[in-house]
Number of protein chains: 2
Amino acid sequence: MNVIDASGALAISTRLQRLADLLRKDGQMIYKAFGIDFEPKWFPVIYTLFHKPGLGVVELANEIGYAHPSTISLLKELENEKLIRSKKDRHDERKRLLFLTSKGEELVQEMRPVWTVMSDAILELTNTTNNLLKAIAETEAGFRGKSFFERAKPHLPRK
Amino acid sequence: MNVIDASGALAISTRLQRLADLLRKDGQMIYKAFGIDFEPKWFPVIYTLFHKPGLGVVELANEIGYAHPSTISLLKELENEKLIRSKKDRHDERKRLLFLTSKGEELVQEMRPVWTVMSDAILELTNTTNNLLKAIAETEAGFRGKSFFERAKPHLPRK
DNA sequence: TAAATCTACGTAGTTAACTACATATATACA
DNA sequence: TGTATATATGTAGTTAACTACGTAGATTTA
């Protein structure tokens, strides 16, 4: 065992990020192997716009839990790929309403079986004694209730 | 519930990364609140060199599970901070052996109580029905046994 | 109804990891 | 022992998210 695993809790963000990277890279390979030109990072945008067409940029960002500039850069790529389009909101000149293009809609249909395969593989992979998907949800909930910082704060040395 | 949470498994890398970010940022705030000039990302290097002084660059990278160029850039920062130093290996001219400086050693002693507080907070946060730390370890182990890609591969359409 | 504030979107620059490639030294083998 | 291969380190550029800040239009309020 290396000293980092031994340090347990302290290296948690490192380990989460590494696992995220591993899964994203394999996700990329899986799309490729199925002959589909799609990047895992596009998933939240495409999936959300498929289910909720007509969202604005910030609404979409909130929905997928990203900062809006991150969302904007994904949207740019997806517009270049002709997978999404936008139009001005007639009632609010500031707003851009976002939709899948028909190419985007078709790609979603093509990806559906791949998503099923991926989803099954992830469920298999994470369905261990401590279920990772549930553990994430539970930890996120705990964090919302009282953040990591708030849990550490009471132990600050008094000035 | 937003559509991404509903998509469950498919957005897993996104969610892992977001949680990693949250924890890293709070970690940063905690060091600051304790008046310690230290970044969470330095932890794996400092902690490992504290426990195993004299490692080479690649040995250290393997120990902390990073690619060696990532490790090199952390080492540069830590050398600027005067927290680590290196010397040539007498028996292998290619190798740089890495050590904490005395400033580094002192900082470790200063951080020990903070690490205890952080570790307790993380354990509290992650000790839910499905323990996140254990779930990560279990999923990593499952992945090593058979990767995400390998689990999806059998379902490829035949050519 | 004019001014102040808020909201939606966008740009620029940062961060913390990565891969690909280059170079120098060490080791193995013909 | 000279050549091929492997290993240790380093550099350059990429990626996928972020924060800070700016601007324009919408809404609230004095």
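The contact between the two protein chains takes 70 residues from chain A and 70 residues from chain B. I should say at once that this is a predicted model, and that every value I quote is computed from it. About 7100 Å² is buried between chain B and chain A, and carbon and sulfur atoms give 73% of that area. On the chain B side, B:Leu10, B:Leu125 and B:Phe148 supply 10% of the area that this chain buries against chain A, more than any other three residues.

Let me turn to the polar part of this interface. There are 24 residue pairs in polar contact between chain B and chain A, with both residues at pLDDT 80 or more. The count of salt bridges between the two chains is 4. One salt bridge joins the side chains of B:Arg151 and A:Glu124, at 2.8 Å from N to O.

Which elements of chain B give two or more residues to the side that touches chain A? They are α1 (3–7), α2, α3 (43–51), α4 (57–64), α6 (102–126), α7 (132–145) and α8 (148–152). The largest share, 17 residues, comes from α2(B). Sorted by class, this side of chain B has 38 nonpolar, 20 polar and 12 charged residues.

One residue of chain B deserves a separate word. B:Glu140 is found in helix α7 of chain B. Is B:Glu140 buried or exposed? Its relative accessibility is 12%, and it therefore counts as buried, the cut-off being under 20%. Apart from neighbours within four places in sequence, B:Glu140 is in contact with A:Arg15, A:Arg18 and A:Leu19.

I now move to the DNA, beginning with strand C. DNA strand C is surrounded by 22 residues, the closest being A:Val58, A:Arg94, A:Arg96, B:Lys41 and B:Ser70. Considering the atoms of strand C within 4 Å of the protein, 70% belong to sugar or phosphate, and the rest belong to bases. Two phosphate contacts may be cited. The side chain of B:Ser70 has an N or O atom 2.2 Å from a phosphate oxygen of strand C, while for the side chain of A:Lys76 the corresponding distance to a phosphate oxygen is 2.9 Å. At the bases, an N or O atom in the side chain of B:Arg94 is 3.2 Å from a base oxygen of strand C.

The elements giving two or more residues to the surface near strand C are α2 (12–33), α4 (57–64) and α5 (68–80) of chain A, together with α2 (12–33) and α5 (68–80) of chain B. The largest share, 4 residues, comes from α5(A). By class, the residues near strand C divide into 7 nonpolar, 4 polar and 11 charged.

Finally, DNA strand D. Here too 22 residues surround the strand, and the closest are A:Lys41, A:Ser70, B:Val58, B:Arg94 and B:Arg96. Of the atoms of strand D within 4 Å of the protein, 67% belong to sugar or phosphate and the rest to bases. A polar side-chain atom of A:Tyr66 lies 2.9 Å from a phosphate oxygen of strand D. Base nitrogens of strand D are approached by polar side-chain atoms of A:Arg94, at 2.7 Å, and of B:His68, at 2.8 Å.

For strand D, the elements that give two or more residues to the nearby surface are α2 and α5 of chain A, with α2, α4 and α5 of chain B. α5(B) gives the most, with 4 residues. The surface near strand D has 7 nonpolar, 4 polar and 11 charged residues.

Methods: Residues are numbered from 1 along each chain as its sequence is written. Chains are lettered from A and ligands numbered from 1 in the order in which they are written. Side-chain values use heavy atoms; hydrogens and water are left out. A residue is near a molecule or strand if one of its heavy atoms lies within 4 Å of it. A polar contact is a pair of N or O atoms within 3.5 Å; within protein, one must be able to donate a hydrogen and the other to accept it, and residues adjacent in sequence count only if both atoms are side-chain atoms. Ala, Val, Leu, Ile, Met, Phe, Trp, Tyr, Cys and Pro count as nonpolar, Asp, Glu, Lys and Arg as charged, and the others, Gly among them, as polar. Contact means heavy atoms within 4.5 Å. Buried area is the accessible area (1.4 Å probe) that two parts lose on being put together, summed over both. Buried means under 20% relative accessible area, exposed over 50%, partly exposed in between (1.4 Å probe, protein chains only).
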